[in-house]
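Let's take a walk through this protein together. Pull up the sequence and the model side by side, and we'll go from one spot to the next.

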Amino acid sequence: KGKGKGKGGGGGGSGGGGTVGEGGRSGTTVTASGTVTPPAIARARAISDHWSPLVESGAASGILAGVQITLKCLRADQLGGELFRWAFATMKENMVTMYLASEMGWQEKSKRKEMKADGMLYLVACDQPTGDPLGFTTFVFDIENEAEVTYCYELQLAASAQRRGVGSILMNALLAITTAAAMESVMLTCFTANVPAQAFFRKKHTFRLDDFTPDDVDYTILSCPVTSAQHCAAGASAVGSSGAS
């Protein structure tokens with residue numbers, strides 16, 4: 001097997017970041033530019049709001065049961081300046097120290113560009129009474145190691161929202177979105193030194209070390225395969241847990 005390449009890491013007690021790899025699969029279509037796009041990914045990329053249909057169908061009813069939190073899904077270019085500034089500041093507060101200590105270092109301009117990239121989707125958790133943002137995850141649909149996946153770039157929480165179950169709500173929602181989009185798994189990159197994030201992903205949400213994690217690097221590539229019945233039950237059990245990230 002080849003080895004993948006990742007960027008970023010986990011922060012805020014339950015964060016993750018990474019980069020998307022390239023690959024090819026059978027049954028794909030070819031665009032005018034020559035780029036190969038599998039049909040499932042093309043369909044997923046054409047949708048900007050992957051959350052509302054799950055709410056309307058009842059498929060994700062267990063994820064927000066009993067909590068005063070709302071979720072909204074939108075493209076990076078739909079965020080608006082104020083919400084993007086909050087998201088970037090939250091990510092930076094959680095992550096800058098880890099980036100500075102890592103092999104890749106802290107590159108603010110490239111990170112800002114990454115978070116505004118075409119195709120980047122945001123799932124934002126907000127306090128229901130006030131509307132204030134609590135946390136967010138960013139993700140794209142792409143090919144990674146010849147698999148159709150949801151690649152999670154960030155999972156970041158405001159300091160006031162940590163250890164209140166918000167991270168688990170966002171991750172369970174992302175897993176449900178992944179299932180509905182017919183992707184095979186959620187993948188992400190997490191700094192090895194980010195022990196709380198490693199525990200959050202690997203113990204609480206059953207991510208495993210992916211075979212494509214390179215040797216001799218300071219991060220791990222983690223993956224979690226999905227099934228159609230897996231996540232509403234998981235969401236119901238995780239939401240409201242006082243010890244959750």
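Are Y151 and Y153 buried or exposed? Both of these tyrosines are buried. Keep in mind as you look that this is a predicted model, so everything here is computed from its coordinates.

Stay with that pair for a moment. The protein has 10 aromatic pairs by the ring-centre rule. In the pair formed by Y151 and Y153, the ring centres sit 6.1 Å apart and the planes meet at 70°, so this one is edge-to-face, the label for planes over 60 degrees apart. Elsewhere, ring pairs tie F84, F88, Y99, W106 and F191 together into a cluster.

Now zoom out. The protein has 7 helices and 9 strands, and buried residues account for 51% of its 245 residues. Take the contacts with a separation of 6 or more: 70% of them are between residues 24 or more positions apart.

Next, find helix 5, which covers residues 166-180. Its 15 residues reach 21 Å from the first C-alpha to the last, close to the 21 Å expected at 1.5 Å a residue. Of those 15 residues, 13 are buried, so helix 5 is largely enclosed by the rest of the structure. A bit of background for reading any helix: an α-helix has 3.6 residues a turn, so residues three or four places apart point the same way. Just after helix 5, look for A182, which takes a positive phi of about 65°.

Strand 4 (residues 121-127) is the next stop, and D127 is the residue to click on there. What is the nearest side chain of opposite charge to D127? That would be R164, at 4.7 Å. A salt bridge has to fall within 4 Å, so this pair doesn't qualify, and D127 is buried with no salt bridge. The side chain of D127 does have a polar contact, though: 2.8 Å to the side chain of T130. Leaving out residues up to four places away in sequence, D127 also touches Q68, D132 and L134.

Finally, swing over to helix 2, residues 52-57, where you'll find S52. This serine is partly exposed, with a relative accessible area of 28%. From S52, look across to L71, which is 19 residues away along the chain. The C-alpha atoms of S52 and L71 are separated by 8.7 Å.

Terms used:
Residues are numbered from 1 along each chain as its sequence is written. This is a predicted model: local features need pLDDT of at least 70, side-chain atom pairs count only at pLDDT 80 or more; totals for chains, interfaces and linings use all residues. Side-chain values use heavy atoms; hydrogens and water are left out. Helices (H or I, at least four residues) and strands (E, at least two) are DSSP runs, numbered from the N terminus. The expected span of a helix is 1.5 Å times one less than its number of residues. Buried means under 20% relative accessible area, exposed over 50%, partly exposed in between (1.4 Å probe, protein chains only). Lys and Arg count as positive and Asp and Glu as negative; His and the chain ends are not counted. A polar contact is a pair of N or O atoms within 3.5 Å; within protein, one must be able to donate a hydrogen and the other to accept it, and residues adjacent in sequence count only if both atoms are side-chain atoms. Contact means heavy atoms within 4.5 Å. Rings of Phe, Tyr and Trp (its six-membered ring) pair if their centres lie within 6.5 Å; planes under 30 degrees apart count as stacked, over 60 as edge-to-face and the rest as tilted.
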